[in-house]
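Work through the exercises below with the sequence and the structure side by side. Try each task before reading the solution that follows it.

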Amino acid sequence: MSIAAAIIGGTGVYDPKILSAVERLEVTTRYGTALLTKGIYAEKEVVFLARHGTNHGTPPHKVNYRANIAALVKLGVTRVIATAAVGSLNEAMPPGAMVLLGQFLDFTKARQSTFFTGGEAGVVHTDFTEPYCPDLNRTLLAAAADCGLEMLQGGFYVCTEGPRFETPAEIQVYKKLGGDLVGMTNVPEVVLAREAGLCYSTIALCTNFAAGISPTHLTHQEVLDVMAQNVDKVRVLLSYAIKRLAEKRECNCRELGSPILL
Ligand code: HPA
């Protein structure tokens, strides 16, 4: 059986709780080792990776994004559904809303953001006109309709370095630039997935209005609490999405990527 999809769980999604016959995997790559679980759902094999570790021990700027994506490639994964807790800059995307990402802006500063570092790894310039897989996004939207959950789409995501939250001044600038959502982890994950030719989509869950828009100061506890209140929605959505995944990919994510060293 080939693996139908990988789920990368962000803050508050440490176990999809939908998999049976769960097996732990440790996959070593030239970038480091990733810990995953593999299981079955709807007669399909699925792997799960907790981005921050199973007890949220790894902050956003320390996640080994390259090891995680390279490990998925090594396992033969071709599709990745990621979840992310985000702050909202857009009134139409209040806490509790689920949004499929459509575009991103990268304000990270000190991350290994590419597999193509020159030399043996090669020099490659990858197309990002459509950063998230349109085919996988369609599947996720259809899955949301199947289970009666509201899913907004076309979220414009701004990635910051973190781990601090933003200043109100930063949020005002991001809003002027067109940003809807702010988070700390989607870059370089989305970049590495595309470089490797994987289909990648992100379900963002709004946990708070961003700094200066929220009437209160921000805390990580608030993010965890709102995520905990909404995580069942994300689980239901994931289960319907897995059921809907077709055998064949209908997009050109594979062709847009290039072979990476493992
Ligand atoms: N800013 C950055 N990352 C976040 C936020 C936020 O307000 N909420 C959840 N993740």
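**Exercise 1.** Find out which pocket the ligand sits in, and work out which elements give two or more residues to the shell around the ligand.

*Solution.* Begin with the location: in this predicted model, the ligand sits in the second largest pocket. Next, turn to the elements around the ligand, where β5 (79-88), β8 (181-183) and β9 (199-209) each give two or more residues to the shell. Among these elements, β5 gives the most, with three residues. Then go through the residues themselves: the ligand is surrounded by Ala85, Val86, Gly87, Phe165, Glu166, Val182, Gly183, Met184, Thr207, Asn208, Leu218 and Val223. Finally, sort this shell by character, which gives seven nonpolar residues, four polar residues and one charged residue.

**Exercise 2.** Trace the polar contacts of the ligand's nitrogen atoms with alanine 85, glycine 87 and asparagine 208, and then state how much of the ligand the protein buries.

*Solution.* Start with the backbone, where a polar atom of alanine 85 is 3.3 Å from a nitrogen atom of the ligand. Continue to glycine 87, which has a backbone N or O atom 3.2 Å from a nitrogen atom of the ligand. Then look at a side chain: an N or O atom in that of asparagine 208 is 2.7 Å from a nitrogen atom of the ligand. The last step concerns area, since the ligand taken alone exposes 260 Å², and the protein buries 95% of that.

**Exercise 3.** Is threonine 83 buried or exposed, and what does its side chain reach?

*Solution.* First locate threonine 83, which is found in strand β5. Its relative accessible area is 2%, and because buried means under 20%, threonine 83 is buried. From there, follow the side chain of threonine 83, which reaches the backbone nitrogen of glycine 10 at 2.8 Å.

**Exercise 4.** Describe how covered helix α4 is, and find the cis peptide bond that leads to proline 188.

*Solution.* Take the residues of α4 (residues 186-195) one by one, and the helix proves to be mostly covered, with ten of its ten residues buried. Proline 188 has its place in this helix, and the peptide bond from valine 187 to proline 188 is cis, with omega near 15°. A second case can be found by moving to the loop between β7 (152-160) and α3 (168-176), where proline 163 is found; the peptide bond from glycine 162 to proline 163 is cis, with omega near -5°. As background, most peptide bonds are trans. To finish, go past the end of α4, which is followed by glycine 197, a residue with a positive phi near 80°.

**Exercise 5.** Compare where alanine 21 and alanine 42 are found, and decide how exposed alanine 21 and alanine 42 are.

*Solution.* Most residues other than glycine have a negative phi. Against that background, consider alanine 21 in strand β2, whose phi is positive, near 50°. Alanine 21 has 61% relative accessibility and therefore counts as exposed, the cut-off being over 50%. Now turn to alanine 42, which lies in the loop between β3 (32-41) and β4 (44-50) and has a positive phi near 50°. With 36% relative accessibility, alanine 42 counts as partly exposed.

Methods. Residues are numbered from 1 along each chain as its sequence is written. This is a predicted model: local features need pLDDT of at least 70, side-chain atom pairs count only at pLDDT 80 or more; totals for chains, interfaces and linings use all residues. Side-chain values use heavy atoms; hydrogens and water are left out. A residue is near a molecule or strand if one of its heavy atoms lies within 4 Å of it. A polar contact is a pair of N or O atoms within 3.5 Å; within protein, one must be able to donate a hydrogen and the other to accept it, and residues adjacent in sequence count only if both atoms are side-chain atoms. Accessible areas come from the Shrake-Rupley method with a 1.4 Å probe; for residues, only the protein chains shown count as cover. On a 1 Å grid over the protein atoms alone, a cavity is a set of points where a 1.4 Å probe fits but cannot get out, and a pocket is an open set with protein on both sides within 12 Å along at least five of seven lines; lining residues have an atom within 4 Å of a point. A molecule sits in a cavity or pocket if more than half of its atoms lie within 2 Å of its grid points. Helices (H or I, at least four residues) and strands (E, at least two) are DSSP runs, numbered from the N terminus. Ala, Val, Leu, Ile, Met, Phe, Trp, Tyr, Cys and Pro count as nonpolar, Asp, Glu, Lys and Arg as charged, and the others, Gly among them, as polar. Buried means under 20% relative accessible area, exposed over 50%, partly exposed in between (1.4 Å probe, protein chains only).
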